[in-house]
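Visitor: I've got a chain here that I'd like to walk through with you. Could you pull it up?

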Amino acid sequence: MSTAAFHISSLLEKMTSSDKDFRFMATSDLMSELQKDSIQLDEDSERKVVKMLLRLLEDKNGEVQNLAVKCCRAPLLQGPLSCHNPGNEVGREWGEGRSLAAARGVRPA
């Protein structure tokens with residue numbers, strides 16, 4: 001496992017915390033990682049990231065929800081596993097998540 005993938009895996013674990021501040025900080029750190037030009041994730045890691053972001057769209061904390069939406073705008077997540085590609089399972093879930101976010105007043109990407 002690469003250093004980046006290990007770090008992302010650690011962040012994903014923190015995103016499951018019952019503490020909203022841990023979830024917020026982990027999501028914020030993920031957003032910073034996803035904006036780096038040098039980051040490269042394998043398909044499995046990317047899929048885990050997207051699925052976690054979809055889960056965070058249903059978070060009880062609106063700030064965590066907003067960060068999840070912003071993370072899905074990251075260039076890294078615009079490829080085959082893109083949140084926005086309705087032709088794959090993740091993309092279909094993202095579409096459903098966007099609808100859920102909109103219903104809750106979160107502005108989707």
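Guide: Sure, one term before we start: a polar contact is a pair of N or O atoms within 3.5 Å; within protein, one must be able to donate a hydrogen and the other to accept it, and residues adjacent in sequence count only if both atoms are side-chain atoms. This is a predicted model, where local features need pLDDT of at least 70, side-chain atom pairs count only at pLDDT 80 or more, and totals for chains, interfaces and linings use all residues. Residues are numbered from 1 along each chain as its sequence is written, and side-chain values use heavy atoms, with hydrogens and water left out.

Visitor: Which side chain does D59 join in a polar contact?

Guide: D59 sits in the loop between α3 (43-56) and α4 (62-71); helices here are DSSP runs of H or I, at least four residues, and strands are runs of E, at least two, numbered from the N terminus. Its side chain makes a polar contact of 2.6 Å, and the partner is R23.

Visitor: Is D59 buried or exposed?

Guide: Buried means under 20% relative accessible area, exposed over 50%, partly exposed in between (1.4 Å probe, protein chains only). D59 comes in at 9%, so the call is buried.

Visitor: Which residue caps the N-terminal end of α4?

Guide: Look at the backbone nitrogen of E63: a side-chain oxygen lies 2.8 Å away. That oxygen belongs to the cap, N61.

Visitor: In which helix is confidence lowest?

Guide: Confidence here is pLDDT, the predictor's own score for each residue, from 0 to 100. The chain averages 77, and helix α2 (residues 20-34) is highest at 94. The lowest mean, 56, belongs to helix α5 (residues 89-103).
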